[in-house]
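Please work through the following exercises with the sequence and the model side by side. Each task is followed by a solution that goes step by step.

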Amino acid sequence: MSSADSTGSDASVLYRVQHETRYDYESAVELAHHLAQLRPLSLEGVQHCEAYQCDIEPRPEHLARDLDAYGNERLFFAYYAPHDTLTVRAVSLVRVQAPAQPDWTASPAWEQVRGRLRYHAGRPSEPAEEFSFGSDFSPVFDAAAAFAAPSFPPGRPLLDAAHDLMRRIHAEFTYDPDSTEAHTRAPQALELRHGVCQDYAHVMLSALRSLGLAARYVSGYLRSRPRPGEQALVGADASHAWVSVWCPANGWVEFDPTNDRRPAADYVRVAVGRDFADVSPLRGVIRGGGRHALHVAVNVSPESR
């Protein structure tokens, strides 16, 4: 692995991100509590959210914001009166640049990293340790460890091994939006070898964690239209998901198994967590409503200013 594999050192780009979700309910919703995570993160040296506005119709009767344990902004809102539609429209201006190229030569062997993440009496734990445990969508299981094994021979540098794992997932899986659902977990996705970006990320997380390594789920967006001469990325015009792996020498290093590349200046990061359950753009509990029709529209376009 070398710097020649870099995804580019693009200058910063200012993006306008528009994400609209609309629910049309068959019958009136009598009571509703919702949680939205739509504000892009501000990350030093990678991206800065310059402006953000979230409009909700009808106007909620209760609205509150806070940060979760991972630094993602959460917006809580509730209704106590009947309504038959819900529209959540978030518009952000985000300045993004490609993350710095990791120092591949400084990456320790993956077994050394695993050793640092294990509990040792009397030694302070690594903050990344919590991401080495299984989660609901990305549990630790034997088949995931067996799948990861060819990429992790003894002594191989962690980042080289993670990069190889990313490429193998991309090569061995088929992108198929009709094969899985939002609640599909990594064991099912690994068996199917079909799925969407969420499934690719969950499988990679389980594979890494099943070896005792720390990895987290990253949600966000891709540039909607490629620049001239560039290939369109899978997952544009919708929420996207990828993975970041903890390396002591480089911090969190991102990998996108859906597109077989490291995220660059055409990725916008919204939230990080253990898996999709931590970062869902919009979820909630309602009483009433019957069946509903869901419409989601996402657009990420560069601003000229």
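Helices and strands are here runs assigned by DSSP, of at least four residues for a helix (H or I) and at least two for a strand (E), and they are numbered from the N terminus. The model is a predicted one.

**Exercise 1. The second largest pocket**

Determine which strands each supply at least two residues of the lining of the second largest pocket, and describe that lining by class.

Solution. Begin with the space itself, which comes to about 380 Å³ in the second largest pocket. Next, look towards its centre: of the 20 residues that line this pocket, the closest to the centre are Val46, Pro99, Arg216, Trp252 and Glu254. Then assign the lining to elements, and strand 8, strand 10 and strand 11 each turn out to supply at least two residues. Strand 10 gives the largest share, three residues. Finally, sort the lining by class, which yields eleven nonpolar, four polar and five charged residues.

**Exercise 2. The largest pocket**

Find which residues are the closest to the centre of the largest pocket, and which elements give two or more residues to its lining.

Solution. The volume of the largest pocket is about 970 Å³. Its lining holds 35 residues, of which Ala182, Phe276, Pro281, Leu294 and Val296 are the closest to the centre. The elements that give two or more residues to this lining are strand 1 (13-36), helix 5 (197-209), strand 8 (215-222), strand 9 (240-247), strand 12 (282-288) and strand 13 (292-302). As a last step, the classes can be read off, with 18 nonpolar, twelve polar and five charged residues in the lining of the largest pocket.

**Exercise 3. An arginine without a salt bridge**

Explain why Arg262 is not counted as having a salt bridge, and state what its side chain reaches instead.

Solution. First locate the residue: Arg262 lies in the loop between strand 10 (251-255) and strand 11 (267-273). Arg262 is buried, and the nearest side chain of opposite charge, that of Glu254, is 6.1 Å away. A salt bridge needs a side-chain nitrogen of Lys or Arg within 4 Å of a carboxyl oxygen of Asp or Glu, and therefore Arg262 has none, with Glu254 at 6.1 Å. The side chain of Arg262 does, however, reach the backbone oxygen of Glu254, at 3.4 Å.

**Exercise 4. Salt bridges across the sequence**

Of the 17 salt bridges in the structure, follow those of Glu20, Arg287 and Glu172, and find which parts of the chain each one links.

Solution. Start with Glu20, which forms a salt bridge with Arg89, the closest N and O atoms being 2.7 Å apart. Because Glu20 lies in strand 1 and Arg89 in strand 5 (residues 83-96), this pair ties together parts that are 69 residues apart in sequence. Both partners are partly exposed, Glu20 with a relative accessible area of 30% and Arg89 with 29%.

Arg287 pairs with Glu30, and here the closest N and O atoms are 3.3 Å apart. Arg287 belongs to strand 12 and Glu30 to strand 1, so the bridge ties together parts that are 257 residues apart in sequence. Glu30 is partly exposed, at 41% relative accessible area.

For the third pair, the side chains of Glu172 and Arg193 meet in a salt bridge at 3.1 Å, N to O. Glu172 is in helix 3 (residues 158-172) and Arg193 in the loop between helix 4 (186-192) and strand 7 (194-195), 21 residues apart, and the pair thus links distant parts of the chain. Glu172 is partly exposed, with a relative accessible area of 35%, and Arg193 is also partly exposed, at 30%. To complete the step, note that Glu20, Glu57 and Arg89 are joined into one network by salt bridges that share partners.

**Exercise 5. Backbone angles in loops**

Identify where the chain has a cis peptide bond, and place Arg193 and Asp260 by their phi values.

Solution. The cis peptide bond joins Glu57 and Pro58, with omega about -5°. Pro58 is found in the loop between strand 2 (47-57) and strand 3 (62-67). Turning to phi, Arg193 has a positive value of about 60° although it is not a glycine. Asp260, also a residue other than glycine, has a positive phi near 55°. Asp260 lies in the loop between strand 10 and strand 11, and with 25% relative accessibility Asp260 counts as partly exposed.

Notes: Residues numbered from 1 in each chain as written. Predicted model: local features only at pLDDT ≥ 70, side-chain atom pairs only at ≥ 80, totals over all residues. Heavy atoms only, no water. Buried < 20%, exposed > 50% of the residue type's maximum accessible area, 1.4 Å probe, protein only. Lys, Arg positive; Asp, Glu negative; His and termini not counted. Polar contact = N/O pair within 3.5 Å; in protein donor to acceptor, adjacent residues only side chain to side chain. 1 Å grid on protein atoms, 1.4 Å probe; cavity = no way out; pocket = protein on both sides within 12 Å on 5 of 7 lines; lining within 4 Å. Points joined across faces, edges and corners; volume = space filled by probe spheres on them. Nonpolar A, V, L, I, M, F, W, Y, C, P; charged D, E, K, R; others polar.
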